[in-house]
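Grab a viewer and work through the exercises below. Try each task yourself before reading its solution.

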Amino acid sequence: MRCDDGLERSGILSEKVRLAREVYLLRFEVEGFMSSIMPGQFFMIGPCRWKRDPLLLRPFAVADKKGDTLEFLVKVAGFGTNDIVRCEIGSPFHLRGPLGRGVFKPLGKSVALVAGGIGVAPLVFARKYYPEVVSKFVLGVPNGDWADVASWVKSECPEVVIACDDGTIGERGTAADVLLNGKWPIEEVWACGPVAMFKAIYAGLNGRVRILGSFESRMGCGIGGCHSCSIPTKNGMTEVCSCGPVLDVAEVCLDELI
Ligand SMILES: Cc1cc2nc3c(=O)[nH]c(=O)nc-3n(C[C@H](O)[C@H](O)[C@H](O)COP(=O)(O)OP(=O)(O)OC[C@H]3O[C@@H](n4cnc5c(N)ncnc54)[C@H](O)[C@@H]3O)c2cc1C
Ligand code: FES
């Protein structure tokens, strides 16, 4: 599916850095004017050669925008991501975006960021976009293989606290554990990661503060035209691509998500 409202862009893969066995930092030089991008927004991306195949572009959260350069963190999950990270520097890409009306925006003066694994991408951008409101940043990683990912996040956001499931780097425990066991006051949380992490934070904070979560779901078009990304909320099925990806966690039926 193509859209014709100025969201279709061409870009060139200009840099590729391997940060972990299956995690890459990719930079794209994107042609032409790019409107401002809010934290949480994402692009559907894929190599131009996919146009010859029935392959759908894949969604990735913006990790940073510097001038006409867009940055993404890509974790290999299956065929599409594997093919994307194998592309050579200089490969032409198709990028659709920025997409998503549900974005990270603060209610008050203090926000704690909590990332699970690759979910750190939009939160790094959020931290840079709102440096004055981010009071705490916790990144949860599974093991020491993620050390270079953690170092990259630290180089961008020096205050980040690393939580590690097996304790090999940072503090032992999950990102939710480290957030909830900390002695700091929490006014609002922005999170991106697995559903189990959303559930743990929501249960731990007992509905006391607003939690915004960036949700993932299988996407076809990214622009509200195919309904493939709908998830259950208290107001009925909601399309993650157009109403999200950032939604109020209290509104989402977490127990019905797979
Ligand atoms: C708004 C949004 C932002 C995202 N941001 C990032 C990001 O910054 N970095 C990153 O690495 N990934 C991100 N993802 C997930 C990424 O889009 C998927 O991992 C990717 O589309 C999988 O494509 P594939 O062809 O490699 O995998 P497939 O071969 O299609 O599937 C492999 C596995 O990945 C699962 N999967 C497929 N699509 C998704 C999806 N959209 N969300 C979650 N799981 C999926 C499948 O269920 C399957 O288990 C984001 C997803 C969304 C919806
Ligand atoms: S991906 Fe098509 S409606 Fe959301």
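**Exercise 1: Two prolines**

Keep in mind that this is a predicted model. Find where Pro 98 and Pro 245 sit, then check the peptide bond that leads into each of them.

*Solution.*
Step 1. Pro 98 belongs to strand 7, which covers residues 92-99.
Step 2. Look at the bond from Gly 97 to Pro 98: it's cis, with omega near 5°.
Step 3. Pro 245 is in a loop, with helix 6 (240-243) on one side and strand 16 (246-248) on the other.
Step 4. The bond between Gly 244 and Pro 245 is also cis, and its omega is about 10°.
Step 5. Why flag these bonds? Because most peptide bonds are trans.

**Exercise 2: Positive phi**

Look up phi for Asn 206 and for His 227, and decide whether each residue is buried or exposed.

*Solution.*
Step 1. Asn 206 isn't a glycine, yet its phi is positive, about 55°.
Step 2. Asn 206 lies in the loop that links helix 5 (195-205) to strand 13 (210-214).
Step 3. The cut-off for exposed is over 50% relative accessible area. Asn 206 has 63% relative accessibility, so it counts as exposed.
Step 4. His 227, another residue other than glycine, has a positive phi near 65°. His 227 is in the loop between strand 13 and strand 14 (230-233).
Step 5. With 53% relative accessibility, His 227 counts as exposed too.

**Exercise 3: A buried arginine**

Which side chains make polar contacts with that of Arg 27?

*Solution.*
Step 1. Start in strand 2 (residues 23-30), where you'll find Arg 27.
Step 2. Buried means under 20% relative accessible area. Arg 27 comes in at 15%, so it counts as buried.
Step 3. The side chain of Glu 15 makes a polar contact of 2.9 Å with that of Arg 27.
Step 4. Glu 71 also pairs with Arg 27 through side chains, at 2.5 Å.

**Exercise 4: How covered is helix 2?**

How many of the residues in helix 2 are buried?

*Solution.*
Step 1. Helix 2 spans residues 120-129.
Step 2. Eight of its 10 residues are buried, which leaves the helix mostly covered.
Step 3. The buried ones include Val 120, Leu 123, Phe 125 and Arg 127.

**Exercise 5: The ligand site**

Where does ligand 1 lie relative to the two domains, and which polar atoms approach it?

*Solution.*
Step 1. Both domain 1 (5-99) and domain 2 (111-256) give residues to the shell, so ligand 1 lies between them.
Step 2. Of the 20 residues around ligand 1, the nearest are Pro 59, Leu 73, Lys 75, Gly 80 and Thr 81.
Step 3. By class, the shell holds 12 nonpolar, four polar and four charged residues.
Step 4. Now the polar atoms. One in the side chain of Arg 58 is 2.8 Å from an oxygen atom of the ligand. One in the side chain of Glu 216 is 3.2 Å from a ligand nitrogen atom, and a backbone N or O atom of Ser 217 is 2.8 Å from a nitrogen atom of ligand 1.
Step 5. On its own, ligand 1 has 850 Å² of accessible area, and the protein covers 77% of that.
Step 6. Strand 4 (58-61), strand 6 (69-75) and helix 1 (79-86) each give two or more residues to the shell. Strand 4 gives the most, with four residues.
Step 7. Finish at Gly 80, which is in helix 1. Its 2% relative accessibility means it counts as buried. An unreviewed UniProt entry has a "binding site" annotation that covers Gly 80 and Thr 81.

Terms used: Residues are numbered from 1 along each chain as its sequence is written. Chains are lettered from A and ligands numbered from 1 in the order in which they are written. This is a predicted model: local features need pLDDT of at least 70, side-chain atom pairs count only at pLDDT 80 or more; totals for chains, interfaces and linings use all residues. Side-chain values use heavy atoms; hydrogens and water are left out. A residue is near a molecule or strand if one of its heavy atoms lies within 4 Å of it. A polar contact is a pair of N or O atoms within 3.5 Å; within protein, one must be able to donate a hydrogen and the other to accept it, and residues adjacent in sequence count only if both atoms are side-chain atoms. Accessible areas come from the Shrake-Rupley method with a 1.4 Å probe; for residues, only the protein chains shown count as cover. Ala, Val, Leu, Ile, Met, Phe, Trp, Tyr, Cys and Pro count as nonpolar, Asp, Glu, Lys and Arg as charged, and the others, Gly among them, as polar. Domain bounds come from an automatic or database domain assignment. Buried means under 20% relative accessible area, exposed over 50%, partly exposed in between (1.4 Å probe, protein chains only). UniProt positions are given in the numbering used here, feature names are shortened, and annotations may be inferred rather than shown by experiment.
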